[in-house]
Amino acid sequence: MEQVPSAGRLVQITVTEGYDLKGFKGDTPVTFIRAEFNQVVLGDSAKITVSPEGSAKYNFTSSFEFNPEGGITLDDLAHKPVFLTVTEVLPKEKKQKEEKTLILGQAVVDLLPLLEGQSSFQTTVPLHPVQGSPLETPRSSAKQCSLEVKLLVAEPLLTTAQISGGNLLKVTLEAAYSVPESFIPTGPGQNYMVGLQVPSLGEKDYPILFKNGTLKLGGEREPVPRPKKWPIANILAPGANNIPDAFIVGGPYEEEEGELNHPEDSEFRNQAECIKKRIIWDLESRCYLDPSAVVSFQKRIADCRLWPVEITRVPLVTVPKGKAGKTEKTDEEAQLSFHGVAYVNMVPLLYPGVKRIRGAFHVYPYLDSVVHEKTKCLLSLFRDIGHHLIHNNKIGGINSLLSKQAVSKNLKEDKPVKEKDIDGRPRPGDVAPSIKSQSSDTPLEGEPPLSHNPEGQQYVEAGTYIVLEIQLDKALVPKRMPEELARRVKEMIPPRPPLTRRTGGAQKAMSDYHIQIKNISRAILDEYYRMFGKQVAKLESDMDSETLEEQKCQLSYELNCSGKYFAFKEQLKHAVVKIVRDKYLKTTSFESREELQTFISELYVFLVDQMHVALNQTMPDDVQGTVATIYTSSEQLQLFAFEAEVNENYEMAAAYYKERLVREPQNLDHWLDYGAFCLLTEDNIKAQECFRKALSLNQSHIHSLLLCGVLAVLLENYEQAEIFFEDATCLEPTNVVAWTLLGLYYEIQNNDIRMEMAFHEASKQLQARMLQAQVTKQKSTGVVEDTEERGKRESSLGPWGITNGSATAIKVEAPADKFLEESSKLQSDSQEPILTTQTWDPSISQKPSNTFIKEIPTKKEASKCQDSSALLHPGLHYGVSQTTTIFMETIRFLMKVKAVQYVHRVLAHELLCPQGGPSCEYYLVLAQTHILKKDFAKAKEYLQQAAQMDYLNPNVWGLKGHLYFLSGNHSEAKACYERTISFVVDASEMHFIFLRLGLIYLEEKEYEKAKKTYMQACKRSPSCLTWLGLGIACYRLEELTEAEDALSEANALNNYNAEVWAYLALVCLKVGRQLEAEQAYKYMIKLKLKDEALLAEIHTLQETVGFGNPSF
């Protein structure tokens, strides 16, 4: 690093002019200016008479020497301003030996620009009047009096390395609230002090002090915004105490980084800051950190994390003259009372891009063992290091000039204490060390137990806390800019906007020729109908060939006479020329006439053929009758793919997904759905291609970014994963899942600090969302809200918000996946509150939902419209406390996109989370993952746990039904399914519950129940399987017309289902339609029906009726 030259450099302060001045004895007083810095008088200006307009040209220059190796340092420039005092010289009266002067006002010049690399600057500073000054009443111009000031140094005080590597630290101590009742404003004066340390020059600690706190009784809240004040004593003008353009603005408690920022703390803080006693400082101190100090600062935060901020009370004793020595012999430590400490978590300053932390911090009694355990701090700033502070306090009061000069040489008046050296060795220099080695676990000798600090314990009993702000000029850890992240994403995945297909060359020439042929043919037809339209309408089909020939001749004559034929020929000419040049590449003259004739003949044949092609496209043959086609929507295709997934027919599911992509290749939701399917089948490479394709279509799509990040982690492309997750948090800073996935990535990288940062931000955003949801819910009625939720749930399909009556699920456990999917979607989209993420009461979360059942009749309108979170914990909509966590939010997202490979890591966090832990939803997710692995025993165990927590949860019974169905126990499955559909509140996914229950009814020959069940499924989410089941039930009930209708619907939705053709064949055989029966049987054989029993039934019926099988 470049070193600052040891020689001192002059800092020149020039006051050029004063404005709007006036004095005690009139508007044209004689005045002079005194410049002071660091409590040293720099000089007085000449005595200048103020003009009648109120201006005075001083042109007064003073200077001081900046010398970082002794004397005035960068730290002094950071927190000490230059004071300019304007004094009026009164006229001498008779017999008066000396002139009498009165101070008019004081101006403050902030030297901070010099620490920003400037070598000169000019500013106009206000002149603040002292009490009783005539300047308190402005002149007629109504402008505040001011001084024009210029500052100049020969060269910048900071080197390039210091500017780039150094930093400026600002610490603002606002107040201590809810102080002990023993603090009373009457009686002996007390100096309330707060102290802390930071590394200032390399490894050297710089202790600082906030003093002279003002004890105030409660009654009203402190106003905001209010100005921050200089940490300087003896400022003459009240207005000069305020730092220019620096204000305490406050803010919501939930946005603070400290303690007491949870919703449950709001009531206490409101009382403390309005009613209870408080100590007010409102002081800001600044400290310059050189590059080596910045590195040390950063290392200590990472090492110790918590920073001790001490608070104490020292009596103000004015010692009479001649007795100072006697007083000095008093035991100094006895003067230290109410010694407390606050533990400030400085880790957020190591978060990328964070420059400021502000919050409230509890005050605890100062106990050596506790402080050392939490902060590795060995010595107390006040007790072990700051004896001279108390000593100075006794000598002449905290505001005396002597006290100020003594303190300023050793202690900057307010700087925050940060952690010590990484190795914990004692600090060299003026101040003793305060951080002990991490490896030292030896208890301190003679450390006082709790009973030895009863005064400090009063802080805990009163609930005292301090409000502190720590701000840096530059973030310790730079954050990637959104533009850089977007650029990196574009480099990895170039955007692919839909390209307009441009045909050129021969293809373009052919296309233009076809277009011209079609246009000319339409024009000729229009001319024909104009001439012969009425005649054709009369004769209709009775027209003979002679009439047609006559019409043809008349039409040709008309076209030639009117010039339209020539116009048509010219219209076609340009297209023919392009074909000659681009198709046949003829651009030069022909060598012989024979060659020309040969080419013309070949060209003629080609043009006539192409004319017929164009005419056939325009006017197809009548023989080609239009075939009615059943159009399946994208939502229907997704439902069919979902059914194929659940039945583990992955080939058919892939075909449906690909068909959606072919239809709408620019729809990124289709790519995400197909990518999620590939995740289910563990084809990670293809899933990555799909997600990246979706991201290329919209590089601001959050789900695409997150899924690209998840795949990058699964494929161990960690650098790319960080880019994707960071870009997602930049594009949508309120996204809980994005922050949580970023935190999980940092956990994989063993970056604990950034992991904490991401999880903290996720919790903060989740809390804010829930508070907003609570406010919104209070403004709306429950019935309206639930109706809206019902509409969302019944019309949603899949994780991307596509409209349909079903949902994408993971393999066979479709209902559970759907409820997780809807839970994630509806909790983020709806206005239902989750209530709290900060407290977790097992008694509440495990409480049976008896209240829920009792209250259901009062809300029948909303009985089937609760979102998935309500299904997991039904009491959510009925006043029972409900918790959710950032990890459960992320689990829902991962399950809906079928990223099961990633879920177990998040489940571990959910289990250990203080606000999480085992819950009904937790066990349901575990059961789903084990059903995927075909581990039915484990899945059954977890479902039993879920049922114990919420016995009345329809999702539990639905998933249990699927478990029994897949394991072959259809009787148990039937009981579970019937229980599920008997609930007033539906399970989150009913499609496969109806399908499988209907199938069981068919197996047990309960055809009426099967028909009713399939009818419900057809109404909710019709598909080939639902209509097929209904058709089978009707056929077995001998309702052949209804059976044929249902089977026809099934065939229209999927004509590749052999079972549909089989039952159509049975129906046709029963009603005696031989041709249709044979056709249905033929397609059934072609599609290879696998049900041998059904095939045998068809053969038996064919033999009975005597037809239906052409092979015999």
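Helices and strands here are DSSP runs, numbered from the N terminus. Keep in mind that you're working with a predicted model.

**Exercise 1.** Find where Ser-51 lies, and decide whether Ser-51 is buried or exposed.

*Solution.* Start with the strands: Ser-51 lies in the loop between β4 (48-49) and β5 (56-66). Next, take its relative accessible area, which is 19%. Buried means under 20%, so Ser-51 counts as buried. Finally, look for its contacts: leaving out residues up to four places away in sequence, Ser-51 touches Asp-27 and Thr-28.

**Exercise 2.** Work out what kind of aromatic pair Tyr-745 and Tyr-746 make, then do the same for Tyr-1035 and Tyr-1063.

*Solution.* The whole structure holds 26 aromatic pairs. For Tyr-745 and Tyr-746, the ring centres are 5.4 Å apart and the planes sit at 55 degrees, so this pair is tilted. Both Tyr-745 and Tyr-746 are buried.

Now for Tyr-1035 and Tyr-1063: the centres are 6.0 Å apart with 75 degrees between the planes, and that makes the pair edge-to-face. Tyr-1035 belongs to helix α37 and Tyr-1063 to helix α39, so the pair links parts of the chain 28 residues apart. Check burial too: Tyr-1035 is buried at 3% relative accessibility, and Tyr-1063 is buried at 6%.

**Exercise 3.** Describe the largest pocket and what lines it.

*Solution.* First, its space: about 1,200 Å³. Then count the lining, which has 36 residues, with Leu-1025 and Asn-1057 among those nearest the centre. Helices giving two or more residues to this lining include α37 (1024-1036) and α39 (1058-1071). Last, sort the lining residues: 22 nonpolar, 5 polar and 9 charged.

Note on methods:
Residues numbered from 1 in each chain as written. Predicted model: local features only at pLDDT ≥ 70, side-chain atom pairs only at ≥ 80, totals over all residues. Heavy atoms only, no water. 1 Å grid on protein atoms, 1.4 Å probe; cavity = no way out; pocket = protein on both sides within 12 Å on 5 of 7 lines; lining within 4 Å. Points joined across faces, edges and corners; volume = space filled by probe spheres on them. Helix = DSSP H or I, 4+ residues; strand = E, 2+ residues; numbered from the N terminus. Nonpolar A, V, L, I, M, F, W, Y, C, P; charged D, E, K, R; others polar. Buried < 20%, exposed > 50% of the residue type's maximum accessible area, 1.4 Å probe, protein only. Contact = heavy atoms within 4.5 Å. Phe/Tyr/Trp six-rings, centres within 6.5 Å; stacked < 30°, edge-to-face > 60°.
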